[in-house]
Amino acid sequence: MTAFLSDGAADTLVRLTDLTLGYRRHPAVHHLSGGFRDGSLTAIVGPNGAGKSTLLKAVVGALPPFGGSVTLHGLEAADIAYLPQQAEVERDFPIDVLDTVLLGHWRRVGLFRRIGRALARQAEEALAVVGLSGFERRPIGALSAGQFQRVLFARMLLQDARLILLDEPFTAIDARTTADLLDVVRRWHGERRTVVAVLHDLDQVRAHFPDTLLLAREPVAWGRTADTLTAANLDRARSMAEAWDDRARPCRRTAP
């Protein structure tokens, strides 16, 4: 039985209406409808290639839909923080940890405004929250994967966003770093921010994320995590993944 969050709730921050997404006219997400409620904490899970990262890119506005729509209620660009997968983040640029974190201010203060002591102190406090006090002048290229992910979380703390999108934030990092960054996620949730994270560890999802969207290009289930991650739903998602035909005919983009 497929269960979906109501997309008519008054507190829905992000509404998806019959959303279809893809690349080079080949669909990656089909006919997804539902909503992320204001203040909710949601995991997006599913087989590899299920369209999870694609969905985040559509919400942030980086990928136009083939059909349907993404509607953001009461949000501006500065209200959204998006963390892509680490493989998509450039680390070769010669910049240190503190200056990387300070980039979290740029949407509100601009790129060319002088960073005063108050803003720098906020960056130092964010580094303390993620356990990197004393790393301020270390080059980001010298950091481990876990340390670099801590830096990116500190930068997001400065963004002070209402909607936080995380794409596989705990992949390829150590258990201690994962635990510390999950504390940051819980902090955001406690502050009534809306957090959506693409994840693979189902035990982690069950332990920390109240809501889950199970996606296999098509929606399988969306609701409370215990109701979504049932054996029947997980089996259905696996069966749908096994039936994918990547040679399917391209779909036609519909007019907005």
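Me: What share of contacts between residues at least 6 apart in sequence join residues at least 24 apart?
Reply: This is a predicted model, where local features need pLDDT of at least 70, side-chain atom pairs count only at pLDDT 80 or more, and totals for chains, interfaces and linings use all residues. Residues are numbered from 1 along each chain as its sequence is written, and side-chain values use heavy atoms, with hydrogens and water left out. A contact means heavy atoms within 4.5 Å. The share is 71%.

Me: What average pLDDT does the protein have?
Reply: pLDDT is the predictor's confidence in each residue, from 0 to 100. Of the residues, 87% score at least 70. Residues 1-8 fall below 50. The average is 89.

Me: What share of the residues count as buried?
Reply: Buried means under 20% relative accessible area, exposed over 50%, and partly exposed in between, using a 1.4 Å probe and protein chains only. The protein has 256 residues. The buried share is 49%.

Me: Which helix gives the largest share of the largest nonpolar core?
Reply: A nonpolar core is a set of buried Ala, Val, Leu, Ile, Met, Phe, Trp, Tyr and Cys residues joined through side-chain atoms within 4.5 Å. The largest one has 49 residues, and Phe153 and Phe209 are among those with the most contacts inside it. Helices are DSSP runs of H or I, at least four residues, and strands are E runs of at least two, numbered from the N terminus. With 8 residues, the helix is H5 (residues 145-159).

Me: How many residues are in the second, separate core?
Reply: This core includes Leu19, Phe36, Ala58 and Trp222. Its count is 23 residues.
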